[in-house]
Every structure is written in structure tokens, then in C-alpha cells.
Amino acid sequence: MVAQRATTQTLVLAAISAGVTEEVLFRFFGVSLIAWLGGLIFKDAEDRPKAFIVVIAIMMWAFIFGLAHLQMPAIVGWEMSTAAILRALVINSLGGLVYG
């Protein structure tokens, strides 16, 4: 019984840490980097990146987030067809756009 609880706790902690790591890498670092780079060219009156630059940064990193999860269809046993690849990209990219 104790060994099963440790396994469950380990799985829960692994799931939480993976989510936090992805958020830090993709949202904080990635979006900030693209917004900063775009802001070097397109700034508003307060010296911040213009709003459209932030939107573009979110869209770009949402797509990159989808690319990072392309291995998931193969892991669950799907044939890596064009439809499976598009499904993985769209589903994962939509999450990135919604939670941007």
C-alpha cells in the first residue's frame, strides 16, 4: 500500500512539474523573447512592444508549443499521418492561443 501511494505521489508531482516547466519555457521565456525582439522595432509611446507584436509572439509560440508535442500521437500509437500531425499541431496550438 505504501509503495502504491509513493508511485501516485511521484506521478502527480511529475505532472505538475512538467506543466510548470512548460509554462516557464513557452510563456515566460518564449513569448517575452519574441515580444522584446519585436519591440526593438515596433514600440509604443511608453517604450513597450506594440500590442500586435505581443499577439504575434503568442501566436508564434503557440505553434512552437504544438511542434514540441508532435511526438504524442506516436506515443499513443497513432500512425504518423498528415491528419495525426495536423491534429496534434492544431490541438496543442489552440491551447497556447487560448491561454496565451
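Which residues of helix 2 are buried? In this predicted model, the buried residues of helix 2 are Ile53, Ala57, Trp61, Ala62, Phe65 and Gly66. The helix that carries them covers residues 51–68, and its length can be checked against a simple expectation: at 1.5 Å a residue, the 18 residues of helix 2 should span 26 Å, and because the C-alpha atoms at its two ends are computed to lie 26 Å apart, the two values agree. The spacing of buried positions along a helix can be read with a general rule in mind. An α-helix has 3.6 residues a turn, so residues three or four places apart point the same way.

Several of these buried residues take part in the largest nonpolar core, which consists of 7 residues in all, namely Phe26, Val31, Ile34, Ala35, Ala57, Trp61 and Phe65. Two elements, helix 1 and helix 2, each give two or more residues to this core, and helix 1 gives the most, with 4 residues. Such a grouping can be set beside a general tendency. In soluble globular proteins, nonpolar side chains tend to be buried together.

Two members of the core illustrate how it is put together. When residues up to four places away in sequence are not counted, tryptophan 61 touches Phe26, Gly30, Val31 and Ile34, and three of these partners, Phe26, Val31 and Ile34, are themselves listed in the core. Phenylalanine 65, also in helix 2, has a relative accessible area of 10% and is therefore classed as buried, the limit for that class being under 20%. With the same sequence neighbours set aside, phenylalanine 65 touches Glu22, Phe26 and Asn92. Phenylalanine 65 and phenylalanine 28 are separated by 37 residues in sequence, while their C-alpha atoms are 13 Å apart in space.

Just beyond helix 2, histidine 69 is placed in the loop that leads from helix 2 to helix 3 (71–75). Although histidine 69 belongs to a loop, its relative accessibility is 12%, and it therefore counts as buried. Its contacts, again without residues up to four places away in sequence, are with Glu22, Ala88 and Asn92; Glu22 and Asn92 are also touched by phenylalanine 65.

The other loop considered here lies between helix 1 (2–39) and helix 2, and lysine 43 is found in it. With a relative accessible area of 40%, lysine 43 is partly exposed. The side chain of lysine 43 makes a polar contact with that of aspartate 47, at 3.4 Å, and this pair also qualifies as a salt bridge, for which the closest N and O atoms are 3.4 Å apart. Aspartate 47 has a relative accessibility of 55% and so counts as exposed. Leaving aside neighbours within four places in sequence, lysine 43 is in contact with Arg48 and Lys50. A different relation holds between lysine 43 and threonine 82, which are 39 residues apart in sequence and 39 Å apart in space, as taken from C-alpha to C-alpha.

How many salt bridges does the count come to? The count comes to 3 salt bridges, one of which is the pair of aspartate 47 and lysine 43 described above. In another, the side chains of arginine 48 and aspartate 44 meet at 3.5 Å, N to O, and glutamate 46 forms a salt bridge with arginine 48, where the closest N and O atoms are 2.8 Å apart. Through these shared partners, Asp44, Glu46 and Arg48 are joined into one network. The members of the network vary in their exposure: aspartate 44 is partly exposed at 26%, arginine 48 is partly exposed at 47%, and glutamate 46 counts as exposed at 56% relative accessibility.

A search of the whole structure also finds 1 aromatic pair. The rings of phenylalanine 42 and phenylalanine 52 have centres 5.2 Å apart and planes at 65°, and because an angle over 60 degrees is classed as edge-to-face, the pair is described in that way. This pair links distant parts of the chain, since phenylalanine 42 is in the loop between helix 1 and helix 2 and phenylalanine 52 is in helix 2, 10 residues apart. Both residues are partly exposed, phenylalanine 42 having a relative accessible area of 37% and phenylalanine 52 a relative accessibility of 41%.

Conventions. Residues numbered from 1 in each chain as written. Predicted model: local features only at pLDDT ≥ 70, side-chain atom pairs only at ≥ 80, totals over all residues. Heavy atoms only, no water. Buried < 20%, exposed > 50% of the residue type's maximum accessible area, 1.4 Å probe, protein only. Contact = heavy atoms within 4.5 Å. Polar contact = N/O pair within 3.5 Å; in protein donor to acceptor, adjacent residues only side chain to side chain. Expected span 1.5 Å × (residues − 1). Phe/Tyr/Trp six-rings, centres within 6.5 Å; stacked < 30°, edge-to-face > 60°. Salt bridge = Lys/Arg side-chain N within 4 Å of Asp/Glu carboxyl O. Core = buried A, V, L, I, M, F, W, Y, C linked by side-chain atoms within 4.5 Å.
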